[in-house]
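This report describes the fold of one protein chain, from its overall composition to selected local features. The sequence and the structure are shown first.

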Amino acid sequence: MTVLMNFLRRSPFNKHRFLSVVSSSRFASTLVLGEHENGHMKQSSLSAIEAASRAIDGGEEENSISVLLAGSGESLQKAVSHAAMSHPSISQVLVADSDKLAHPLAEPWAALVHLIQQRGGYSHIIAASSSFGKNVLPRAAALLDVSPITDVIDISGPKLFVRPIYAGNALCTVRYTGVNPCMLTIRSTSFPVSLNSADSRSEAAPISQVDLSTFSEDSVGKSRYVNHTSQDTERADLGSARVVITGGRALKSAENFQLIQKLAAKLGGAVGATRAAVDAGFVPNELQVGQTGKIVAPELYMAFGVSGAIQHLAGMRDSKVIVAVNKDADAPIFQVADYGLVADVFEAIPELLEKLPSKK
C-alpha cells in the first residue's frame, strides 16, 4: 500500500484516474423512465424498476434508483405520489413538470433524458420495452452516443444481459463494454413485481423537481401531438392479464370476434389477436400479440383459430399454460401448446360459453 501511495504522489494524473476508477466501481446509479396513466405508474414501469434493482446488484457498496416522471397537471402529481410509494428500491423520484412534456413524444423526452444524464451521470438508463420505451430510448441513446440493448429478459450482472434473438428461438448473452450510460429496454413479463415489493414502502421516497430552465423550444422537435383514442373497457389490460384469450384469422369477421370477447369476459381475461386478425380489421392494433405486437406471459393463454406463426409464438411462448383450438391438426401452435383440441372454433367456443360458469 505504501508503494502504491508513493506512486500516486509522484503521478498526479494517474492518481485522479485511479480514484475515478475506484469511485465508479463502488457506485452505480440507474435512471428508470417511468410511464404513468390516470395518476398511476404503469405496471410495465414497475417491472423496469424491478429490473433496475437487479442491474445494479453487482456487489457495489452503494447504489441508487431514480425514477423519472414527466408531464403536467394533476395526473402527474398523483402519479408522482404513487411512484414514491411503489417500490422499496426507489431512492428518489425526479419530476419534470412542463406542458412540453405533457405527451410522450420521442423528441422532447429524449432531450430530457440527455439533459438529466449530463447532470446525473447515471450508470444505467432503463425503460420498459413498450411502445413508449421503444420510441424514446433509442433516440436518447443516439443523443448520448451509446448503443442500447433491447428486449432484455434476464440480467446476469451490471453489464451482462440476456435477450432473445431469431423471434425468440434462441437466447443471446450480451456484455456491454461501452461508456456509461448502459441503456436497456426490458420485457416487463420477465421481471414481475412481487406482492411483497409492490406498494410496500413505509414512507415515500424523496421527490425532486427537475430544473428545466435550459430546456429550450428546440428540444420539442417537429413532432406534434394530435390526439389519443382508446376503447373504454373494464376488461383486464392485455400486457398484465392473468388470462388471455386470443383469436386468429379463422374467426373470419369482427362480428365473429365477439365470441372471443364473450369468452374473455366470462373468464375475467384480456382479449388478444394475431397480426392477421388485426390486418383484416377484426380488432384494433392495440390487441395484437406477437413479435411486432405485445409480449404476454399470462398464467393461461387460450388460442382459437391461431395457426402459430413464429412471429406470434415470440409474443406468447412464455405463458404458463397454453391451450390451442384449431381444426388443422398440423398447425404449429400445437407444438407449443400444453393442451390442444382439433375442432372448429365456431363449435368449441359456444360449447365453452355454455359450460363455463360466469366469473363472479
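The account below proceeds from the whole chain to its sheets, its helices and a few individual residues.

## Overall composition

The structure is a predicted model. The protein chain contains ten helices and 17 strands. It has 360 residues, of which 46% count as buried. Among contacts with a separation of 6 or more, 67% involve residues 24 or more positions apart. The exposed area of the chain is about 18700 Å², and carbon and sulfur atoms supply 49% of that area.

## The parallel sheet and its helices

Strands of a sheet pair through backbone hydrogen bonds, either parallel or antiparallel. One open sheet has five strands in the order β14-β13-β15-β16-β17, and its pairing is parallel. Its edge strands are β14 (270-273) and β17, each of which pairs on one side only. On average, neighbouring strands of this sheet are turned by 15° against each other, direction ignored.

Strand β13 (residues 243-247) pairs with β14 in the parallel sense over four bridges. Within this pair, Thr246 stands opposite Gly272 in β14, and Gly247 stands opposite Ala273 in β14. In a regular strand the side chains alternate between the two faces of the sheet. Both faces of β14 are covered: Ala270 and Gly272 are buried on one side, and Val271 and Ala273 are buried on the other.

Which strands does α7 lie across? Helix α7 lies across β13, β14 and β15 (300-304), and runs at about 170° to β13. Helix α10 also packs on the sheet, where it touches β15, β16 (321-325) and β17; its direction makes about 140° with that of β15.

Two packed helices are described by the angle between their axes and the distance between the axes. For α7 (residues 258-267) and α10 (residues 345-355), the packing angle is about 30° and the axes are 10 Å apart. The two helices α7 and α10 are therefore roughly parallel to each other, since angles under 35 degrees count as such. The crossing in which α7 passes α10 is left-handed. On the α7 side, the residues involved are Leu259, Ile260, Lys262, Leu263 and Lys266; they meet Phe346, Ile349, Leu352, Leu353 and Glu354 in α10.

The loop between β17 (339-341) and α10 holds Ala343. Ala343 counts as buried because its relative accessibility is 19%, the limit being under 20%. Apart from neighbours within four places in sequence, Ala343 is in contact with Val325, Asn326 and Lys327. Ala343 and Ala324 are 19 residues apart along the chain, and their C-alpha atoms are separated by 9.8 Å.

## The antiparallel sheet

A three-stranded open sheet has the order β8-β9-β10, with antiparallel pairing. Strands β8 (154-157) and β10 (170-175) stand at its edges with a single partner strand each, so one side of each has no neighbour in the sheet. The twist from one strand to the next averages 30°. Strand β9 (residues 160-165) is joined to β10 by six bridges, and these two strands run antiparallel. Leu160 stands opposite Arg175 in β10.

In the loop between β7 (149-152) and β8 lies Ile153. Leaving aside neighbours within four places in sequence, the contacts of Ile153 include Val162, Arg163, Pro164 and Leu171, and further contacts are made with Arg187, Ser190 and Phe191. Ile153 and Ala51 are 102 residues apart in sequence, while their C-alpha atoms are 9.2 Å apart in space.

## Backbone features

Most residues other than glycine have a negative phi, and most peptide bonds are trans. The following table gives two residues with a positive phi.

| Residue | Phi | Location | Relative accessible area |
|---|---|---|---|
| Asp151 | near 55° | strand β7 | 18%, buried |
| Lys252 | near 75° | loop between β13 and α7 | 59%, exposed |

Neither Asp151 nor Lys252 is glycine. Where is the cis peptide bond at Pro181? The bond from Asn180 to Pro181 is cis, with omega near 5°. Pro181 is placed in the loop between β10 and β11 (182-186).

How values were computed. Residues are numbered from 1 along each chain as its sequence is written. This is a predicted model: local features need pLDDT of at least 70, side-chain atom pairs count only at pLDDT 80 or more; totals for chains, interfaces and linings use all residues. Side-chain values use heavy atoms; hydrogens and water are left out. Buried means under 20% relative accessible area, exposed over 50%, partly exposed in between (1.4 Å probe, protein chains only). Contact means heavy atoms within 4.5 Å. Accessible areas come from the Shrake-Rupley method with a 1.4 Å probe; for residues, only the protein chains shown count as cover. Two strands pair if DSSP finds at least two bridges between them. Axes are lines fitted to C-alpha atoms, for helices over the stretch in contact, and angles run from 0 to 180 degrees between N-to-C directions. Angles under 35 degrees count as roughly parallel, over 145 as roughly antiparallel, 65 to 115 as roughly perpendicular and the rest as oblique. A crossing is left-handed if the near helix is turned anticlockwise from the far one by less than a right angle, and right-handed if clockwise.
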